[in-house]
Amino acid sequence: MKNKSIELTRTPKAIVYCRVSSTRQKTEGSGLESQEHRCRQYADQKGYEVEAVFPDDASGGGDFMKRPGMVALLSYLAAQPKKSYVVIFDDLKRFARDVEFHMKLRREFEKLGAQIECLNLMLEDTPEGKFLETIVAATGELERSANRRQVIQKMIARLEMGFAVFAPPLGYKYAAERGRGKILVRVEPVASIVCEALEGFASKRFLSHGEVKRFLEAQPSFPKNARGEVYSSRVERMLSHLVYTGYVEFPEWGVSRRKGHHEPIISLETFERIQMRLHEGTTAAVRKDLNEDFPLRGFVLCDDCGQPMTAGWSKGRSKHYPYYLCDTRGCECCRKSVRRDEIEDGFAELLRTLQPTQELYGLAKAMFTDAWKMRASEAIRDKSELENQVRGVEKQIQTLLERIIETASDTVIKAYEGKIEKLERQKLLLEEKVDRISPPTRKLDDFIEPALALLSSPWNIYENGNLPFKRAVLRLVFADPIRYSLKYGYRTANTTIPFKMLASISSVNGEMVRPRGVEPLFPE
């Protein structure tokens, strides 16, 4: 009897559950603290001892097992089956805002032997009490659904006006602008890094997802995980994000592509080239054997079999030695290694031979200048032609709209709408090209100096760059991978057009040298 009386006078144990709808409300607001404070006051008034507090920052709609705090609370109760608890909520909306899961959660607490009490509603185990509880839960679900609908309607309206509404991709952030609400603005230097990565993939400077990934990982300012890596999924999202073009769309809500109010990072034309490359399946798997130790791995081919040479470190008696080698079965040179110095010193000499003389450099600069002026005059003609194309597309759209009005077939109407959507996209692309064709505002030297720098000294640029930059120089200088023979060294390289032009000019200049005087060069 004594033990029983002690059990009856023991202070009831209570658990407090608090919930806000998002992480932002948790970090920027004080909802959790105020809920806990009210629940503790209630527990003191009832004479309960608060044993634990479980907070959540998740929506009340849907499955309660997706709320970490609620899962932890149920696990806590299940781990102590011999104890009876009172679970206190600030409001029944904190319990659940979905009638179906409200009832399921109610039964879950009953199975665990826990009683629930709400500050704003007396929960009674009577037909009237259960009816009232159901009505309150249904009201919460109605409010949640109505709020969601209202939020989506506002987001659709913003999208239709050309404003981005979803989470900003890397390179952007939202900033409040008076009279326009929140608008995307560029974040530097990340935006410029994203621009270089996307344009590099579009132009085939980067041949695969893996090369884009390595380029981003080599940028100190680009966000990475704790291991200094960029997830492949992040690269894939970047390559397919329309927002980077300055346009917005969301077909799921019936919002077609339209010009946005934010500054673009890449052009729509670049984006379309990226999508074309992705659909063609040109992205190769990430090569893990490319590193700073062997920048020519995979680019130098074995002259006997034509396959890329691999590279690695060979262990000697006291240290490791770097080698390049052919690893193709059946090749005469298979597993015959070449010291790294021989491969890379020979390549350095090859690049140095491509450096033009000072006179030839001056001639190349004059040629670039003439070509630039010629292109400027052609731009005016191109702009006029593109404007004519825009008017032609608009006329086609107008014709299709008139046909839609005249037809009664849903199938035909749907086909016309599909054509109109394609024409609208074509029109946007043409309009962007028209906007981009404008007189240059920067000096001519700002445009041609980078190209001239590569032409004048490809070896210096290669030597001072990181691995992605070295790989880019290889593709800019050489039209094809270069061959290496164990007997003869490097074979004649196939360079890109600019270097071929310089070589041809140099040889013509050599042929045009005439002997001095009028006498024959050799006696007859």
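Colleague: How are α8 and α11 oriented to each other?

Modeller: Angles between helix directions fall into classes: under 35 degrees is roughly parallel, over 145 roughly antiparallel, 65 to 115 roughly perpendicular, and the rest oblique. In this predicted model, helix α8 (residues 190-202) packs on helix α11 (residues 268-280) at an angle of about 55°, so the two are oblique to each other. Their axes lie 8 Å apart.

Colleague: Thanks! What is the handedness of the crossing of α8 and α11?

Modeller: Left-handed, as α8 passes α11.

Colleague: Which residues make that contact?

Modeller: From α8 come L198, E199, F201 and A202, and from α11 come T270, R273, I274, R277 and L278. By character, the residues of this contact between α8 and α11 divide into 5 nonpolar, 1 polar and 3 charged.

Colleague: Now for the sheet. In what order do its 3 strands come?

Modeller: The order is β9-β13-β14 in an open sheet, and the pairing is mixed.

Colleague: Which strands stand at the edges, and why is one side of each left without a neighbour?

Modeller: Those are β9 (300-302) and β14 (489-490); each has a single partner strand, so its other side has no neighbour in the sheet.

Colleague: How many bridges join β9 to β13?

Modeller: There are 3, and β9 runs parallel to β13 (residues 482-485). To find one of the pairs, look at V300, whose bridge partner in β13 is I482.

Colleague: Which helix packs on this sheet?

Modeller: Helix α12 (residues 340-353) does, touching β13 and β14. The direction of α12 makes about 130° with that of β13.

Note on methods. Residues numbered from 1 in each chain as written. Predicted model: local features only at pLDDT ≥ 70, side-chain atom pairs only at ≥ 80, totals over all residues. Heavy atoms only, no water. Axes fitted to C-alpha atoms, helices over the stretch in contact; angles between N-to-C directions. Helix = DSSP H or I, 4+ residues; strand = E, 2+ residues; numbered from the N terminus. Left-handed = near helix turned anticlockwise from the far one by under 90°. Contact = heavy atoms within 4.5 Å. Nonpolar A, V, L, I, M, F, W, Y, C, P; charged D, E, K, R; others polar. Pairing = 2+ DSSP bridges.
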